[in-house]
Each structure stands twice: as C-alpha cells, then as structure tokens.
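Visitor: Please pick one part of this model and take me through it closely. I would like to hear what holds it, and then what else can be said about the fold.

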Amino acid sequence: MTINTEQRQQQRHRERQQKVKEAVDAKVAAATEERGVLMVLTGNGKGKSTAGFGTVARAVGHGKQAAVVQFIKGNWDCGERKLLEAHGVPFEVMATGFTWETQDREADTAAALKAWEAAERWLADPAIDLVLLDELTYMVSYHYLELERVLSALRQRPLHQHVIITGRNCHRQLIELADTVSELECVKHAFEAGVKAQPGFDF
Ligand code: ATP
Ligand code: MG
C-alpha cells in the first residue's frame, strides 16, 4: 500500500468517525430529561436477576436507597441478599419456594399478595430510589396478582423512582408501560450440559 493510499484511508476513517461522533453528540444533547425509568428484563437467557441486582449495587454505590422484592425465591440461599441487606437494602421474599414445586394455589396467591403489599409500600415511598421486583412476571402470568393493580402502582410511583422487573414471559402491557426493555436470549446454558446451579455463580 502506498503512503498516499494509506493517508486517504485514514482520512476517510476520520471523516466517518466524525459523522458518528456528531450523531452521538446530538442524541446525548437531546436526552435532557431526568426521571425514574421502568426497566423490564425478560427472555429465556441467563442474566435477568443478575442484571437487576447489578443495578441495585450501582444505586447503593452512589448512596441511593434501593429495595428488593423477590417473588418465588423463598427457599434460596441468595448471595445478593446476604451482601445487600448488610448495606441497608431491605428485602421482602415470598414465603413459598418455586411456584411449580407447590400445588397450593390459595397459599401461593396469599404469599404473592403479601410480597406485593411490600412492593406497593416501596412504590409509594419517595425515599426509595430503586425498586427491584425480581421474578414479578410470573405473578401476573399465573394470575396471582391482578395486572391492573400492578400497572396502577407502577404508574403512580414517585417521578424519580426507578423500577426493574425481571422474569420470563413478561405481560405485553408491562412491556408497553416500560421505558427500557431487554430480552435475554439463551444461546446455551451450562445446565443443559449437566452442570448444577452453584452458589456464588447462579444464586
Ligand atoms: P440469573 O439469576 O442467573 O441472572 P435469570 O434471572 O436470568 O438468571 P431465571 O429464569 O430467574 O433466570 O432462573 C433462575 C435460575 O435458573 C438461575 O440459577 C439460573 O442460572 C438458571 N437459569 C437461567 N436461565 C436458564 C436457562 N436458559 N437454562 C437453565 N437454567 C437457567
Ligand atoms: Mg431470575
């Protein structure tokens, strides 16, 4: 390659990058609103709860007040809970274990409602900056919680409050209400190759 060709390529690269920069700068300049974001993390891939708790850790790192409600994780020895409770993050954990392990619909509904009441209190509290509603989607899809009641608490929450909802098969109306929605796709998962869920990595 002659020096001239190389210089021309570099020049073209600089021009392209300059255009990208201008477009990004314009978008950054246009995004001036500061308010609470409703984020949904759904799909079949691993990483939904992990990302939710990662955001809680960010909030705590900035001195913000976060709160966590875990639907359907009652019997799990959750590493995030051990860490975050010690840093002032209150947890409400549904009393039952995985829903598909229980057959008692009435008891599950009562447990879901009790956990949801804690969620409603935090969703109405301006002192709470971030609420993580881990595995909430199942409560709606199994009809343990009324969709309208959930939507209404989310709509009426303090303006600055962020909310994260995780779980598969998220209801369409929750996705419509959300500002940020990510769907995790399962490309592969170690469990399929016989690797068991391990503390410190999977929970
Ligand atoms: P994580 O808590 O690891 O971020 P998740 O919240 O995306 O996972 P859940 O559906 O809540 O996924 O799954 C809870 C448990 O099931 C976790 O231990 C996780 O490792 C495991 N898991 C997640 N996705 C899959 C999958 N596609 N196949 C098998 N197991 C999975
Ligand atoms: Mg999860």
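**A close look at the metal site**

Guide: Ser49 and Glu135 are both buried, and please keep in mind that this is a predicted model. These two residues coordinate the magnesium ion (ligand 2), Ser49 through OG and Glu135 through OE, at 2.1 Å. Water is not among the atoms, so the site may look incomplete. In sequence the two residues are 86 apart, and the pair links distant parts of the chain. Ser49 belongs to helix 2 (residues 48-61), while Glu135 sits in the loop between strand 4 (130-134) and helix 5 (136-141).

Strand 4 leads us on to the sheet. This open sheet has 6 strands in the order 3-2-4-5-1-6, with parallel pairing. At its edges are strand 3 (91-93) and strand 6 (180-183), each of which pairs on one side only. On average, neighbouring strands of the sheet are turned by 10° against each other, direction ignored. Strand 6 runs parallel to strand 1 (residues 38-42), and 4 bridges join the two. Here Leu41 stands opposite Ser182 in strand 6.

Now to a pair of helices. Helix 4 (residues 105-123) packs with helix 6 (residues 147-155) at an angle of about 20°, their axes 9 Å apart. Angles under 35 degrees count as roughly parallel, and helix 4 and helix 6 are therefore roughly parallel to each other. Their crossing is left-handed. Helix 4 makes the contact with Leu113, Trp116, Glu117, Glu120 and Leu123, and helix 6 with Arg149, Val150, Ala153 and Leu154.

Definitions and conventions: Residues are numbered from 1 along each chain as its sequence is written. Chains are lettered from A and ligands numbered from 1 in the order in which they are written. This is a predicted model: local features need pLDDT of at least 70, side-chain atom pairs count only at pLDDT 80 or more; totals for chains, interfaces and linings use all residues. Side-chain values use heavy atoms; hydrogens and water are left out. Two strands pair if DSSP finds at least two bridges between them. Axes are lines fitted to C-alpha atoms, for helices over the stretch in contact, and angles run from 0 to 180 degrees between N-to-C directions. Donors are N, O and S atoms within 2.8 Å of the metal (3.2 Å for Na, K and Ca); water is not among the atoms, so sites may look incomplete. Buried means under 20% relative accessible area, exposed over 50%, partly exposed in between (1.4 Å probe, protein chains only). Angles under 35 degrees count as roughly parallel, over 145 as roughly antiparallel, 65 to 115 as roughly perpendicular and the rest as oblique. A crossing is left-handed if the near helix is turned anticlockwise from the far one by less than a right angle, and right-handed if clockwise. Contact means heavy atoms within 4.5 Å.
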